Every structure is written in C-alpha cells, then in structure tokens.
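Here are some exercises to work through with the model open beside you. Try each one before you read the solution.

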Amino acid sequence: MVKHMIDPIQFTKMMGIPNPKGESAKNYCNTLEELGFDEIFIRKALMAIFELSYDTCTACFNDLERAKLKYIAMIVDHKSHPNRTPEGLIMKVARSLGTSTEEAAEWIARVDASEDLTYLDWFPRTRKNFHHA
C-alpha cells in the first residue's frame with residue numbers, strides 16, 4: 001500500500017475525473033479508458049485513489065490495449081522532443097511502460113499503423129482531445 005499524498009476525493013475533483021463510487025480498481029480502469037485516458041494517467045489515478053503501488057497497477061492493464069496505445073501516441077506526437085531519434089523513442093516507451101525495447105518497438109509500430117487514436121490532455125482546465133494521425 002502507498003500512503004496517500006492527497007485525499008482521493010480531492011484528487012478526482014482536481015483532475016476532473018469521476019469518483020470510483022465503490023468500483024473495483026479494474027472496473028475503474030475500464031471507466032477511465034472509455035473516457036479516453038491513457039495508461040500512465042490511469043496508473044497515476046489508481047495509485048492516488050486505491051493506494052496501489054506502481055507495480056501492483058500493472059495487473060489492471062492486461063486488457064486495456066487502447067489506453068497503452070493512447071499513451072504511446074502521446075509520446076510519439078509530443079512536440080517538446082522534435083529531435084528524438086527512433087532509438088530514443090523506443091527507450092522512452094520501454095522505460096515508461098516497464099517493457100523491453102523489443103516490446104516497445106512493437107507497440108510503436110502498432111501506434112504508427114493505427115488510424116483512429118484520440119487521447120486526452122491530462123489537465124482539466126486545458127483538457128482537449130488530440131488525434132494521432
């Protein structure tokens with residue numbers, strides 16, 4: 001268990017996401033994925049609301065392929081690193097998701113092949129949809 005740094009209810013209000021209202025962590029993952037959030041955002045929400053460790057959250061993501069793809073699309077589209085090499089991108093994805101570089105490269109290829117990936121900005125005041133083309 002992780003000690004809360006912020007009250008879970010305050011966290012949901014601050015981030016503009018629904019309160020889990022008795023949902024299991026797995027069901028809450030599905031709810032946030034359906035709302036358009038990516039894997040890392042959902043992982044952080046689980047850690048804050050359900051007091052789960054980063055590693056414990058991993059079990060919730062086995063069936064959330066779209067959330068993982070959305071996070072990778074966000075990294076691929078991120079404009080703050082225009083000079084990132086393909087190898088640097090693979091390393092970033094592997095580090096962020098805790099996967100091998102081979103698996104990260106496969107996920108990036110799937111994102112590149114996808115035509116319909118929309119992901120959300122994390123911040124409620126500026127929240128808008130972004131589309132990976």
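**Exercise 1. Overall layout**

Which pattern does the protein chain follow when read along the sequence? Then count its elements and look at burial and contact range.

Solution. Keep in mind that you're looking at a predicted model. Step one: walk along the sequence, and the pattern comes out as α-α-α-α-α-α-α-β-β. Step two: tally the elements, which gives 7 helices and 2 strands. Step three: check burial; of the 133 residues in the protein chain, 41% are buried. Step four: take the contacts between residues at least 6 apart in sequence, and you'll find that 54% of them join residues at least 24 apart.

**Exercise 2. A helix pair**

Work out how helix α1 (residues 8-15) and helix α3 (residues 39-50) run relative to one another, and what the contact is made of.

Solution. Start with the axes: they come within 9 Å and cross at roughly 150 degrees. The cut-off for roughly antiparallel is over 145 degrees, so α1 is roughly antiparallel to α3. Next, list who makes the contact. From α1 you get Pro8, Phe11, Thr12 and Met15, and from α3 come Phe41, Lys44, Ala45, Ala48 and Ile49. Finally, sort by class: the contact of α1 with α3 has 7 nonpolar, 1 polar and 1 charged residues.

**Exercise 3. Rings**

Count the aromatic pairs, then classify the one formed by Phe37 and Phe41.

Solution. The count comes to 2 aromatic pairs. For Phe37 and Phe41, the ring centres are 4.2 Å apart and the planes sit at 15 degrees. Planes under 30 degrees apart count as stacked, so that's the label for this pair. Now check burial: both Phe37 and Phe41 are buried. Phe41 should also ring a bell from the previous exercise, as one of the α3 residues in the contact with α1.

There's one more ring to visit. Which residue lies over the face of Trp107? It's Lys68, at 5.5 Å from the ring centre.

**Exercise 4. Positive phi**

Look at the backbone of Lys21 and Glu51, two residues other than glycine with a positive phi. Where does each one sit, and is it buried, partly exposed or exposed?

Solution. Take Lys21 to begin with. Its phi is near 40 degrees, and you'll find Lys21 in the loop between α1 and α2 (25-34). With a relative accessible area of 72%, Lys21 is exposed, the cut-off being over 50%.

Now Glu51. Here phi is near 60 degrees, and the residue belongs to the loop between α3 and α4 (54-57). Its relative accessibility is 26%, so Glu51 counts as partly exposed.

**Exercise 5. Apart in sequence, how far in space?**

For Met74, Gln10 and Phe50, find the element each lies in and its exposure. Then get the C-alpha distance from Met74 to Thr118, from Gln10 to Ile49 and from Phe50 to Ser24.

Solution, one residue at a time.

- Met74 lies in helix α5 (residues 65-77). Its relative accessible area is 18%, so Met74 is buried. Met74 and Thr118 are 44 residues apart in sequence, and their C-alpha atoms are 9.1 Å apart.
- Gln10 is part of helix α1. At 48% relative accessibility, Gln10 is partly exposed. Between Gln10 and Ile49, 39 residues apart along the chain, the C-alpha separation is 9.6 Å. That's Ile49 of α3 again, one of the residues in the contact with α1.
- Phe50 has its place in helix α3. A relative accessible area of 21% makes Phe50 partly exposed. Phe50 and Ser24 are 26 residues apart in sequence and 8.9 Å apart in space, C-alpha to C-alpha.

Notes:
Residues numbered from 1 in each chain as written. Predicted model: local features only at pLDDT ≥ 70, side-chain atom pairs only at ≥ 80, totals over all residues. Heavy atoms only, no water. Axes fitted to C-alpha atoms, helices over the stretch in contact; angles between N-to-C directions. Helix = DSSP H or I, 4+ residues; strand = E, 2+ residues; numbered from the N terminus. Parallel < 35°, antiparallel > 145°, perpendicular 65-115°, else oblique. Contact = heavy atoms within 4.5 Å. Nonpolar A, V, L, I, M, F, W, Y, C, P; charged D, E, K, R; others polar. Phe/Tyr/Trp six-rings, centres within 6.5 Å; stacked < 30°, edge-to-face > 60°. Buried < 20%, exposed > 50% of the residue type's maximum accessible area, 1.4 Å probe, protein only. Lys NZ or Arg CZ within 6 Å of the ring centre and 35° of its normal.
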